[in-house]
Amino acid sequence: MDRMGRRDALRNLAAGAAAAGGLGVAASAVNAQGWTDPFNEGFDGSEFVLPELPYAYDALEPHYDEETVTIHHDKHHAGYVRGANAAMEALAEIRGGDRPGSEIKHWERQLAFAGSGHVLHTLFWLGMTPGGSEPTGDFADAMEDSFGSVEACREHLTAATGSVEASGWGILGYLPLTDSLIILQAEKHQNLTVQGVVPLLVIDVWEHAYYLKYQNNRGDFVQAWWEIANLEYASMRYAAVRGM
Ligand code: MN
């Protein structure tokens, strides 16, 4: 691959990561009632930012103690924000030719780790409130439709979270494909995604996808794939995801 070709490939490769930075959530983050999702405060339009807690540090006592909340938010979560911004900056420098392309694996891993940490911690804080609260409206109906009952959802999420192997998360999410709620375990934060990213265009690099023709030359397959990439489909899906 010549130098420009390589740089173009890197630019294209990293475009997904750049989209992850914006997450494209702005359009969908305001619901029909005009409620704006405070999750959006985790990104200011150019950088990830550490949102302030929506309650006092001691507001979740005695269930969640002030000291843990303070360290968890001010130190741990803040570290993920710094890490995610550093990764986005480094990836931009790679695209611009100011860092070697050989660093891309390192920084993509950093982006997945810190970006997912930021997204999940932002949701974690918003997912707690002093005294707790009950599900309402369509969401309560969705819990019943997806799991049988609100209580069954609670039990499933409890069991899934409790049995995550090593470090990780229990996640109650929405799967657009089935228009239903889904419960997942996440090991670590990432492996290797930024949680919340909606895939637009994907490249299979399992060996079964290219080995018969390309053998061990995965890079050649990826280069060839760009000749058949359906960016029009990705464009339409992008518009659909953003509600445009
Ligand atoms: Mn944490």
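**Overall fold and the manganese site**

Reading from the N terminus, the elements of the protein chain follow the order α-α-α-α-α-β-β-α-α-α. That pattern is made up of eight helices and two strands. The model described here is a predicted one, which is worth keeping in mind throughout. Of the 244 residues in the protein chain, 27% count as buried. The accessible surface of the chain comes to about 15,400 Å², and carbon and sulfur atoms contribute 54% of this surface. Contacts across the sequence were also examined: among those with a separation of 6 or more, 56% are between residues 24 or more positions apart.

A good place to look next is the metal. Which residues hold the manganese ion as protein donors? They are His72 and His121, each through its NE2 atom, at 2.0 to 2.1 Å from the ion. His72 belongs to helix H2 (residues 66-95) and His121 to helix H3 (residues 104-126), so this pair ties together parts of the chain that lie 49 residues apart in sequence. The two histidines also meet directly, since a polar contact of 3.0 Å joins their side chains.

Are these two donors buried or exposed? Both His72 and His121 are buried. For His72, the relative accessible area is 17%, and the residue counts as buried because this value falls under the 20% cut-off. Leaving out residues up to four places away in sequence, His72 touches Tyr64, His77, His121, Phe124 and Trp125.

Several of these names return when the aromatic rings are considered. Tyr64, Phe124 and Trp125 form one aromatic cluster together with Trp169, and His72 is in contact with Tyr64, Phe124 and Trp125. The count of aromatic pairs comes to eight. A ring also takes part in another kind of arrangement: the charged end of Lys213 sits over the ring of Tyr214, at 5.5 Å from the ring centre.

Helix H3, the helix that carries His121, also contains Ser116. Ser116 has a relative accessible area of 0%, so this serine is buried. What does Ser116 touch, once neighbours within four places in sequence are set aside? Its contacts are Leu111, His189, Gln190, Thr193, Val194 and Gln195. Helix H3 thus offers two buried residues to find in the structure, His121 at the manganese ion and Ser116.

Conventions
Residues numbered from 1 in each chain as written. Predicted model: local features only at pLDDT ≥ 70, side-chain atom pairs only at ≥ 80, totals over all residues. Heavy atoms only, no water. Donors = N, O, S within 2.8 Å, 3.2 Å for Na, K, Ca; no water. Helix = DSSP H or I, 4+ residues; strand = E, 2+ residues; numbered from the N terminus. Buried < 20%, exposed > 50% of the residue type's maximum accessible area, 1.4 Å probe, protein only. Contact = heavy atoms within 4.5 Å. Areas by Shrake-Rupley, 256 points an atom, 1.4 Å probe, with all protein chains shown as cover. Polar contact = N/O pair within 3.5 Å; in protein donor to acceptor, adjacent residues only side chain to side chain. Phe/Tyr/Trp six-rings, centres within 6.5 Å; stacked < 30°, edge-to-face > 60°. Lys NZ or Arg CZ within 6 Å of the ring centre and 35° of its normal.
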